[in-house]
Amino acid sequence: MLKKYKYSFDIRVGTIVNVKTVFSQKNYVLKVNFGSIIGLKNCYYRFYPNIPAHSLIGKHVCAIINFNTEMPNKKNSNILLLSMPNSRGLYVLIQPDSNIPNGGLLY
């Protein structure tokens, strides 16, 4: 029997359209476009190792868009980008391998 969870997450595809460096070269505020219905959302993200800001623009990413924005130290975030560690322990953004329209829903 499947366990029912109290919370459900709305995971969508978006495109990074703007990157602003904050605090240090590894900390960014990203602006992600989720299409005409959801619109633009902001996300604070810290990359290890340092990824140049210009290389992030245009990337399709997956994010939780109904994320609680009342988290301490996350005032610039209203989404949560999804990432996983690779074999070396470095975090890699989750990206669709097909051209999914912005706002596309994960089922």
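The paragraphs below walk through this predicted model, from the chain as a whole to its sheet and its charged pair.

Let us start with the overall layout. The chain holds 1 helix and 7 strands, and reading along the sequence gives the pattern β-β-α-β-β-β-β-β. In other words, two strands come before the helix and five follow the helix. The chain has 107 residues, of which 31% count as buried. Its exposed surface is about 7600 Å², with carbon and sulfur atoms supplying 56% of that area. As for how the chain meets itself, take the contacts with a separation of 6 or more: 53% of them join residues 24 or more positions apart.

With that in mind, turn to the sheet. This is an open sheet of 5 strands, paired antiparallel, in the order β3-β2-β1-β4-β5. Because β3 and β5 (80-81) stand at the edges with a single partner strand each, one side of each is left without a neighbour in the sheet. As a general reminder, strands of a sheet pair through backbone hydrogen bonds, in either a parallel or an antiparallel sense.

A good place to look next is strand β2, which spans residues 27-33. In the sheet order, β2 sits between β3 and β1. This strand is mostly covered, as 5 of its 7 residues are buried; buried here means under 20% relative accessible area. On one side, β2 pairs with strand β1 (residues 11-21) in the antiparallel sense over 6 bridges. You can find this pairing at K20, whose bridge partner in β2 is V29. On the other side, β2 pairs with strand β3 (residues 40-46), again antiparallel, over 7 bridges. Here Y28 is the residue to pick out, standing opposite Y45 in β3.

Now move to the other end of the sheet order, where β4 is followed by β5. Strand β4 covers residues 60-64 and runs antiparallel to β5, with 2 bridges joining them. For a landmark in this pairing, look for A63, which stands opposite L81 in β5.

Finally, a word on charges. Side chains of opposite charge can pair when their charged atoms come close. How many salt bridges does the structure hold? The count is 1. The partners are D10 and R12, and their closest N and O atoms are 2.7 Å apart, which is within the 4 Å cut-off for a salt bridge. To place this pair along the chain, note that R12 falls in strand β1, which covers residues 11-21.

Note on methods:
Residues numbered from 1 in each chain as written. Predicted model: local features only at pLDDT ≥ 70, side-chain atom pairs only at ≥ 80, totals over all residues. Heavy atoms only, no water. Helix = DSSP H or I, 4+ residues; strand = E, 2+ residues; numbered from the N terminus. Buried < 20%, exposed > 50% of the residue type's maximum accessible area, 1.4 Å probe, protein only. Contact = heavy atoms within 4.5 Å. Areas by Shrake-Rupley, 256 points an atom, 1.4 Å probe, with all protein chains shown as cover. Salt bridge = Lys/Arg side-chain N within 4 Å of Asp/Glu carboxyl O. Pairing = 2+ DSSP bridges.
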